[in-house]
Structures are given as C-alpha cells and as structure tokens.
Amino acid sequence: RTQPVPCCFQRATASRPPLCPNTATTPPTTKLMRPELLSNARLWATASTTTRPAEQATVPATAGSESGLRLARFAGSAFAALGSTSQAKAAAKTGRLAVNGQLAEPARLLVAGDEVTLSGGRALPSALQDPKQVAARAAALEHDGFRIWFEDDELAVVHKPAGVHSKPYRGARHLEAALPALLGPPCRSTIDALPAPSAVHRLDCRVCGLILVAKTRGAAAFLAGELAARRVTKRYRALLAGGIGGGGDPFEVREAVGGRPSLSIFKSIEATPHLQLGRLTTADLEPRTGRRHQLRLHAAALGAPILGDDLYGAPSGGGAGASLYLQSTEVRVAHPSGGGAAAVHVTAPEAARFARRRERARMGWE
C-alpha cells in the first residue's frame, strides 16, 4: 500500500503545487478549481444523510467501582460505531447521545444501570454543509501545497501545509474544513463512514508534513488505539540552530515535558557552517511520546532549538509567524483492515526551503 488505491471517485492527474511554498500568489477562483473538488464535497454531503439504527447500552454494575465514569468514555468503548472517546464527544455535542432518554453532555457522570442510547443520525458539521464553500477552501489549500500521499476507502495520508491548523481552532483556517472536497467518500461500508474525514492526530499550525486522516469510524477507532499504544512511527526533519553531537548516530532525549516523562530520538544528518549561529544542523527527529511541543522543547533542551522557533529560542529573522523549519516526513502504521494487509508506510521528501536555507548559510549570507 505504497500508492493511492483506486476508489469510486475521480482523481485529478494534474500536477500539484510544491510542498510548503514560500511565495504567495493569488488563490484559484471558483471557475478555475478542479471539478472533482465540488463533486467530492457533494458526495460527502449526500453520504452524511445515510443513517443507521439506534443502539443502546446499559452501564454495568461493575461501573460503580470506577470513580467518575463519564458518558464520552463509556460510549466510546460501548459503541463500535463510535470507537473512541473523541468520536463519542462529537456525537454528544450533536445530540446523538442520550442517558435514560434525555440528551446529555459528554462529561455526564454515569452510574450502574443507566441506559445510554446512540441515535442513528450522522449530521454533517455546519461548516461543511455548503459544498461550494468546502470546495473553495480545498482549492486554496491545494494552492498552498496540500497533497495526498496515500488514500483508500478507510484512511488517507496527506500533506498539511504550514499556516493551517489540523483541527478547528477559534475560527482559524483548518485542514478538516476542506477534507471532504479533497478526499472521496468510502465505496464500501457507507454506514460506517464518518460524516466527514477526520485528522486523527495534530501538527502545530506552523509545522507542515504528513498527517493521518480517518474516513470511517472503524479506522478512526483503530488509529486512535495505535497512537495510544505508540505503535505509529512518525519521523520529522528539522533545521536546528546549533550542534547536537551524537556523531551521526541516533541518541535519546528524555527531558520531561509538562512534568510528564517524554522520549524523542535525535539523529544528526548534516552540519552546515553558519556565520551567526556557528552551525546549522539538519536532523531527523522521532517522538516516542506525544507531548505538546515535545520536539521543539527537546531541541531547545539540547541547546539547539529548531530554526524559526521564536517561542523556544531560535527566531529565523523573518518576524512573527516566520517559517518554522520542522516537517513531518515519514509515517508508518498498520492498516485497519488487518489480516494480510500491508502496513501503510509513506516517506515524503524534505521541503525545498530546507536546502535553500543551508545554501544561504554556505554562501555566508546569514
């Protein structure tokens, strides 16, 4: 599964924009956008009207021994159609979860004997209900460097451009607002399809690179479990402001983040002389735990923060919001279908701006 798998929707064959472009040009207009974008958005909107029968689950007597059993946690494990706590929270917020016949909030505390009902509706989020708006956002995202590296009926691996949030955040531009136009709905198991594609992990807004996207509830639950069990391999490429040693061999960084144990693997790839910093290090980073800003904090702890990281000590000189030289370049995960299915393994090339920055350093321009 190293190449996109054909499905029942059209895929454009035109070349896509370069990854993480540094120059801003005019986004495509509605008349210039690919027709497949609007077609896909309409297919997801149509599929979201498909409903499944309501399901019920009773909180067992053993739940009384669990302190603080909340609705989202219970429903995420009790209903296969949800499969995770995050999906259960989303269902409760859209009025699909009830306790003893009454709609309830995700944080509702449950007691033994409570009857929890999951209704069959699959309402599309309000931001995704207009296919034309979704398609327009998708065209702008493609213009900024979005790319699909792998896709089948259950999941996708896509490139998120820098400057875009992975999930909805305070009304800012985010990846999920455009995914229904960029990815086709599943051909099979439409009852299991999510209302819209969902990113199963996050990249910081200023970080570009590979991100896993689920298209079905089963895939979302499976990938959430793999991430929780730390069975997903993720590798990043970074430019560090300084040297990190190691002699080119991988080494561990175990600096606690937010008071919690954290582990990252660092490996120096290339050292470039730099007039101001002394040395610019190209490195591969692999987080073994998933703390907020973990790689950025671990690089700073080594005395070589990531170039462009004005929060942890290495501004790039471009002012607020300038490029952060961190890119997700590799992801490997077992496929949700299991059995003899090959693992999904995607490796993306380093963005061109990394090489340009090294060349500037070699020329003595910075």
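Helix H1 covers residues 35-47, and its length is easy to check in this predicted model. With 13 residues at 1.5 Å a residue, H1 should span 18 Å, and its end C-alpha atoms sit 19 Å apart, which agrees. H1 is one piece of a protein with eight helices and 14 strands. Here's a tour, starting with that helix and working through the cores, the sheets and two individual residues.

**Helix H1 and what it packs against**
- The buried residues of H1 are Glu36, Leu37, Leu38, Asn40, Ala41, Trp44, Ala45 and Ala47.
- An α-helix has 3.6 residues a turn, so residues three or four places apart point the same way.
- Which elements do the buried residues of H1 pack against? They pack against H4, helix H5 (179-182), S7 and S8.

**The nonpolar cores**
- In soluble globular proteins, nonpolar side chains tend to be buried together.
- The largest nonpolar core here has 41 residues. Leu37, Phe146, Val158, Leu175, Leu240, Leu285 and Leu326 have the most contacts inside it.
- Helix H4 (residues 131-143) gives this core its largest share, five residues.
- There's also a second, separate core of 18 residues, and Leu69, Phe74, Val99 and Leu110 are among them.
- Take a look at Leu175: beyond its neighbours within four places in sequence, Leu175 is in contact with Leu141, Phe146, Val158, Val164, His165, Ser166 and Ile211.

**Strand S8 and its partners**
- Is strand S8 (residues 208-216) mostly buried or mostly exposed? Nine of its nine residues are buried, so S8 is largely enclosed by the rest of the structure.
- Strands of a sheet pair through backbone hydrogen bonds, either parallel or antiparallel.
- S8 pairs with strand S6 (residues 155-160) in the antiparallel sense, over six bridges. One spot to find is Ala156, whose bridge partner in S8 is Val213.
- S8 also runs antiparallel to strand S7 (residues 193-199), and three bridges join the two. Val213 turns up again here, standing opposite Ala199.
- With strand S13 (residues 326-333), the pairing of S8 is parallel and has two bridges.

**Gly209, a residue inside S8**
- Gly209 lies in strand S8, and its relative accessible area is 0%, so this glycine counts as buried.
- Across in S13, Ser328 stands opposite Gly209.
- Apart from neighbours within four places in sequence, Gly209 is in contact with Val158, His159, Lys160, Leu203, Gln327 and Ser328.
- Gly209 and Val157 are 52 residues apart in sequence, yet their C-alpha atoms are 9.8 Å apart in space.

**Arg292, a residue in a loop**
- Where is Arg292? Find the loop between strand S12 (278-287) and helix H7 (294-301).
- Arg292 has 68% relative accessibility, so this arginine counts as exposed.
- If you skip residues up to four places away in sequence, Arg292 touches Val257 and Leu297.
- Arg292 and Leu203 are 89 residues apart along the chain, while their C-alpha atoms are separated by 9.7 Å.

**A four-strand sheet**
- Four strands form an open sheet in the order S1-S4-S2-S3, with antiparallel pairing.
- Strand S1 (55-58) and strand S3 (102-103) are at the edges with a single partner strand each, so one side of each has no neighbour in the sheet.
- The partner strand S4 (residues 115-118) pairs with S1 over four bridges, in the antiparallel sense. Within that pair, Gln56 has Thr117 in S4 as its bridge partner.

**The whole protein in numbers**
- Of the 366 residues in the protein, 49% are buried.
- Look at contacts between residues at least 6 apart in sequence: 67% of them join residues at least 24 apart.
- The protein exposes about 17000 Å², and carbon and sulfur atoms supply 52% of that.

**How far to trust the model**
- The average pLDDT of the protein is 83, and 82% of the residues score at least 70.
- Which element has the highest confidence, and which the lowest? S13 is highest at 97, while helix H3 (residues 85-93) is lowest at a mean of 83.
- Over residues 1-28, pLDDT stays under 50, and the model has 67 contacts beyond four places in sequence for this stretch.
- Where pLDDT is low, the predicted coordinates should not be read in detail.

How values were computed. Residues are numbered from 1 along each chain as its sequence is written. This is a predicted model: local features need pLDDT of at least 70, side-chain atom pairs count only at pLDDT 80 or more; totals for chains, interfaces and linings use all residues. Side-chain values use heavy atoms; hydrogens and water are left out. Buried means under 20% relative accessible area, exposed over 50%, partly exposed in between (1.4 Å probe, protein chains only). Two strands pair if DSSP finds at least two bridges between them. A nonpolar core is a set of buried Ala, Val, Leu, Ile, Met, Phe, Trp, Tyr and Cys residues joined through side-chain atoms within 4.5 Å. Contact means heavy atoms within 4.5 Å. Accessible areas come from the Shrake-Rupley method with a 1.4 Å probe; for residues, only the protein chains shown count as cover. The expected span of a helix is 1.5 Å times one less than its number of residues. pLDDT is the predictor's confidence in each residue, from 0 to 100.
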